Amino acid sequence: INKREPKLWIDKCCIDQTSIAANLTCLPVFLAGCKNVLVLCGDTYLNRLWCVMELFVFLEMGASPERIELKMLAHSNSAAMRLRERFGMFDVKDA
């Protein structure tokens, strides 16, 4: 209504969670409008195919990894370090 482009797009809020499959075809359109991606990564992030697919589509569309900001949601520094290690050893077959 105010004719401004959105500054923030949150997948969980912007994609109908009851009809995810129907919204998947729009994912490239949604991500094309993003300059950067902020990943709030918890223990299960790399096990959820939806999360991994969003990153894949963002990168496949030509974005550089530098445009992805990782924030580890961990209860301690050691838990955050373990999450970073898991990212380094990530295999899509585990998602």
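Below, a trainee and a mentor talk through the labels given to residues in this predicted model.

Trainee: Let's get our bearings. How many helices and strands are there, and what pattern do they follow along the sequence?

Mentor: The chain has 5 helices and 2 strands. Going along the sequence, you read α-α-α-β-α-β-α. As for extent, the C-alpha trace spans about 45 × 25 × 25 Å along its principal axes.

Trainee: Why is C34 called buried?

Mentor: Its relative accessibility is 15%, and the label applies under 20%. So C34 counts as buried.

Trainee: And what makes C51 buried?

Mentor: Here the value is 8%. That is again under the 20% cut-off, so C51 gets the buried label too.

Trainee: How do you know that C51 is in no disulfide?

Mentor: Look at the sulfur atoms. A disulfide is a covalent bond between the sulfur atoms of two cysteines. The pair has to be within 2.5 Å to count, and the nearest cysteine sulfur to C51, that of C41, is 8.5 Å away. C51 therefore fails the test. In fact the structure holds 0 disulfides.

Trainee: What about C13, why is that one called exposed?

Mentor: C13 has a relative accessible area of 62%, and exposed means over 50%. So the label is exposed. You'll find C13 in helix α1, residues 11–14. If you want a distance across the model, the C-alpha atoms of C13 and L83 are separated by 25 Å, with their positions 70 residues apart along the chain.

Trainee: Now the charges. What makes K71 and E69 a salt bridge?

Mentor: Side chains of opposite charge can pair when their charged atoms come close. For K71 and E69 the closest N and O atoms are 3.2 Å apart; the limit is 4 Å, so the pair qualifies as a salt bridge. A search of the whole structure finds 1 salt bridge.

Trainee: Why are those two residues called partly exposed?

Mentor: K71 has a relative accessible area of 39%, and E69 has 42%. Partly exposed is the range between the 20% and 50% cut-offs, so K71 gets that label, and so does E69.

Trainee: How do you know that E54 has no salt bridge?

Mentor: The nearest side chain of opposite charge is R48, at 8.2 Å. With a limit of 4 Å, R48 is out of reach, so there is no salt bridge for E54. E54 is nonetheless buried.

Trainee: Where does E54 sit, and which residues does it touch?

Mentor: E54 is in helix α4, residues 49–60. Leaving out residues up to four places away in sequence, E54 touches W9, D11, L27 and L31.

Trainee: Last residue: why is A79 called buried?

Mentor: A79 comes in at 6% relative accessible area, which is under 20%, so A79 is buried. It belongs to helix α5, residues 77–88. From A79 to M61 you cover 18 residues in sequence and 32 Å in space, C-alpha to C-alpha.

Trainee: And for the chain as a whole, what share of the residues is buried?

Mentor: Buried residues make up 24% of the 95. The chain exposes about 7,200 Å², and carbon and sulfur atoms supply 59% of that. Among contacts with a separation of 6 or more, 60% involve residues 24 or more positions apart.

Note on methods. Residues are numbered from 1 along each chain as its sequence is written. This is a predicted model: local features need pLDDT of at least 70, side-chain atom pairs count only at pLDDT 80 or more; totals for chains, interfaces and linings use all residues. Side-chain values use heavy atoms; hydrogens and water are left out. Helices (H or I, at least four residues) and strands (E, at least two) are DSSP runs, numbered from the N terminus. Buried means under 20% relative accessible area, exposed over 50%, partly exposed in between (1.4 Å probe, protein chains only). Contact means heavy atoms within 4.5 Å. Accessible areas come from the Shrake-Rupley method with a 1.4 Å probe; for residues, only the protein chains shown count as cover. Lys and Arg count as positive and Asp and Glu as negative; His and the chain ends are not counted.
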